[in-house]
Amino acid sequence: MKRVYLDHIAATPLAPGVLEAMLPFFGERFGNVQSLHTDGQSAAEAVEEARDSVARLVNATPAEIIFTSSGSEANNLAVKGLALAQRSKGNRLVLSAVEHPSVLNAAKGLERLGFAVTLVPVDATAAVDPGAVAKALTKDTVLVSVMLANAEVGTIEPLAEIVKIAKAGGALVHTDAVAAAGNIPIDVRALGVDALSLAGDQFAGPKGAAALYLRKGVRPVPLIDGGVQESGRRAGTENVPAIIGMGKAAEWALAGLPGWGERAAKLRDRLLDELPARVPRVRVSGDRTRRLPHQASFLVEFVEGEAMLLHLDMKGIAVSSGSACSSKSLKASHVLLAMGIDHATAQGSVVFSLIDATTADDIEYVLDAFPPIIDRLRKMSPLYTQFLKESAR
Amino acid sequence: MIYSDKVMDHFSNPRNVGVLADADGVGQVGNPVCGDMMSFYVKVKDGRLSDIKFQTFGCGAAIAVSSMVSEMAMGKTLAEAMAITNEKVAEELGGLPKNKLHCSNLGADALHAAIKDYEDKAAGRKKDAGPTKAGEEEHEEECCCPYCEGPIEGMESACHHCEIDLVECEACGKYTNKNDAACVNCGAPIAPPAAGK
């Protein structure tokens with residue numbers, strides 16, 4: 001059966017050349033980066049090249065890039081590491097309500113250590129109002145963390161304005177750019193952020209390698225204490241093959257960025273325009289235009305996300321959902337709730353995210369497969385029956 | 001696959017989906033906040049369930065459970081149908097993922113509510129036309145902060161975990177942010193604090 005994979009935000013296949021670039025580091029170039037002998041230095045050189053490639057993807061310098069194991073680790077290092085390093089200056093963090101759990105829960109951990117956290121609300125599109133950040137800022141705020149783009153609803157946040165406000169208030173600014181990096185152009189200098197998280201697996205690199213950009217001079221308290229790897233900011237033997245893969249993927253993503261943005265956005269817009277046109281009571285979640293080019297998310301009324309996901313999967317289509325039932329914890333998505341969406345509607349979350357290989361044919365296939373699935377599920381939905389009854393009155 | 005073949009079979013080809021306009025009993029369980037909602041309709045003839053239909057809003061497990069319950073109970077006496085438990089339904093389906101055992105496995109409760117609805121009507125104990133809802137008190141959610149999910153003890157005005165000012169929503173009775181325009185749980189508008197005279 002035809003498979004149409006539209007779950008970029010969960011995982012992507014490797015970009016061309018990435019696996020080939022990684023393979024020698026499982027074999028003849030197996031050395032430990034910290035070893036002074038030829039074998040070690042052969043690996044070390046390659047890691048530094050990868051660092052350079054990752055730095056170029058976001059217009060940083062190589063010394064400003066720390067490799068981590070995941071986007072979650074990068075977010076933890078930024079939030080906990082920077083807050084703890086500035087403890088003498090203050091104890092408040094300001095975050096948006098739609099941050100990734102690795103930011104929100106890292107902050108929750110800090111609360112147990114005596115830090116205070118202010119969550120800035122978002123509007124109905126999940127956009128943070130820079131004015132609300134200004135209001136939340138206090139003299140004792142040491143860190144502001146607002147994501148660059150939200151994977152679940154696609155919205156790109158007005159980060160440059162937020163940075164200006166936070167800087168004027170004397171706080172450091174971290175941004176979780178995991179969903180954005182490699183998919184939209186990023187320039188850390190233009191943004192003015194102090195820290196930025198990115199993950200290789202969001203731009204067709206392997207899982208297991210991610211990075212934190214830390215502006216020169218900004219130092220976190222390490223989460224992992226140990227040796228001198230990553231200039232003492234992150235101990236532990238480097239995952240060399242994954243780092244090499246991330247570097248190669250960063251080169252590929254940077255070279256392909258302008259084309260990818262245009263190509264993906266065209267396919268995305270077809271979904272955003274057509275699905276609500278073909279199925280009534282379906283709306284786009286997130287901002288329609290300030291949006292990741294490869295992300296199309298919807299709220300489908302009267303049906304539940306996991307049921308949609310399973311039916312789509314049976315048609316060969318892989319997607320995500322933010323519904324409570326499709327999450328392991330069975331909790332409704334905090335992002336959708338923060339947008340003011342009620343629980344029943346939040347249950348109807350479905351997220352399509354395009355990969356490099358997605359074609360116009362794939363999108364047409366989805367547009368044809370989707371309406372009958374919704375029709376079927378609605379026919380068995382008591383909420384839909386109730387809606388029909390009420391609208392007949 | 002997270003579900004057994006049998007669950008997937010009942011999910012993709014659910015038996016007895018629909019509404020009985022002339023039902024003898026109607027039962028409901030769940031609400032969209034906890035994820036799943038099931039409506040069961042029964043016809044009773046000579047003390048047996050002569051027809052059963054259901055509608056379910058929910059995940060794969062919830063749909064499969066509803067379908068399985070309707071199949072297990074079809075043609076059974078009321079006593080036999082009342083003896084069907086949620087556990088037996090899960091067993092019959094070849095098991096359910098652990099996290100689905102509580103919230104999605106409520107099919108038997110919905111069926112029992114429909115039977116109780118029939119019995120109450122037959123005995124003249126019930127006059128209104130609305131469906132009977134399954135013991136909601138048993139499924140009440142733990143009282144926790146809707147923002148950080150930390151526990152709330154008693155009548156606190158702020159969550160001591162995430163420090164959000166909380167107020168009980170007048171519409172749904174759950175905690176929400178006092179400073180928001182609408183309840184985070186049910187979307188009802190939150191009255192701004194009354195201006196003091």
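**Exercise 1.** In this predicted model, find the place of A:Ser231 in chain A, and decide whether the residue is buried or exposed.

*Solution.* Begin with the elements on either side: A:Ser231 sits in the loop that joins strand E8 (210-214) to H8 of chain A. Next, look at the backbone, where the phi of A:Ser231 is near 55°, a positive value in a residue that is not glycine. This deserves attention, for most residues other than glycine have a negative phi. Finally, count the neighbours: 10 other C-beta atoms lie within 10 Å of A:Ser231, and since a residue with 12 or fewer counts as exposed, A:Ser231 is exposed.

**Exercise 2.** Carry out the steps of the first exercise for B:Asn16, stating where it lies and how it is classed.

*Solution.* The place of B:Asn16 is the loop between helix H1 (5-12) and strand E1 (25-30) of chain B. Its phi is positive, at about 65°, although B:Asn16 is not a glycine. As for its surroundings, B:Asn16 has 18 C-beta neighbours inside 10 Å, and because a buried residue needs 20 or more and an exposed one 12 or fewer, B:Asn16 counts as partly exposed.

**Exercise 3.** Work out which residues of helix H6 (residues 159-168) of chain A are buried, and what they pack against.

*Solution.* First list the buried residues of H6(A), which are A:Leu159, A:Ile162, A:Val163, A:Ile165 and A:Ala166. These residues cover an arc of only 165° around the axis, and therefore they lie on the same side of H6(A). The general rule behind such a pattern is that an α-helix has 3.6 residues a turn, so residues three or four places apart point the same way. Then turn to the face directed away from the buried side, which carries the exposed residues A:Ala160 and A:Ala168. The partners come last: the buried residues of H6(A) pack against helix H5 (130-136), strand E5 (141-145), strand E6 (172-176) and helix H7 (188-191) of chain A. Just after H6(A), A:Gly170 takes a positive phi of about 85°.

**Exercise 4.** State how chain A is divided into domains, and how many residues each domain gives to the contact.

*Solution.* Chain A is divided into domain 1 (4-10 + 257-392) and domain 2 (18-252). Their contact takes 21 residues from domain 1 of chain A and 22 residues from domain 2 of chain A. On the side of domain 1 of chain A that touches domain 2 of chain A, the elements giving two or more residues are helix H8 (240-278), strand E10 (295-300) and helix H10 (334-338) of chain A. The residues of that side divide into eight nonpolar, nine polar and four charged.

How values were computed: Residues are numbered from 1 along each chain as its sequence is written. Chains are lettered from A and ligands numbered from 1 in the order in which they are written. This is a predicted model: local features need pLDDT of at least 70, side-chain atom pairs count only at pLDDT 80 or more; totals for chains, interfaces and linings use all residues. Helices (H or I, at least four residues) and strands (E, at least two) are DSSP runs, numbered from the N terminus. The arc is that of the directions from the helix axis to the C-beta atoms. Two residues are in contact if their C-beta atoms, placed from the backbone, lie within 7 Å. Domain bounds come from an automatic or database domain assignment. Ala, Val, Leu, Ile, Met, Phe, Trp, Tyr, Cys and Pro count as nonpolar, Asp, Glu, Lys and Arg as charged, and the others, Gly among them, as polar.
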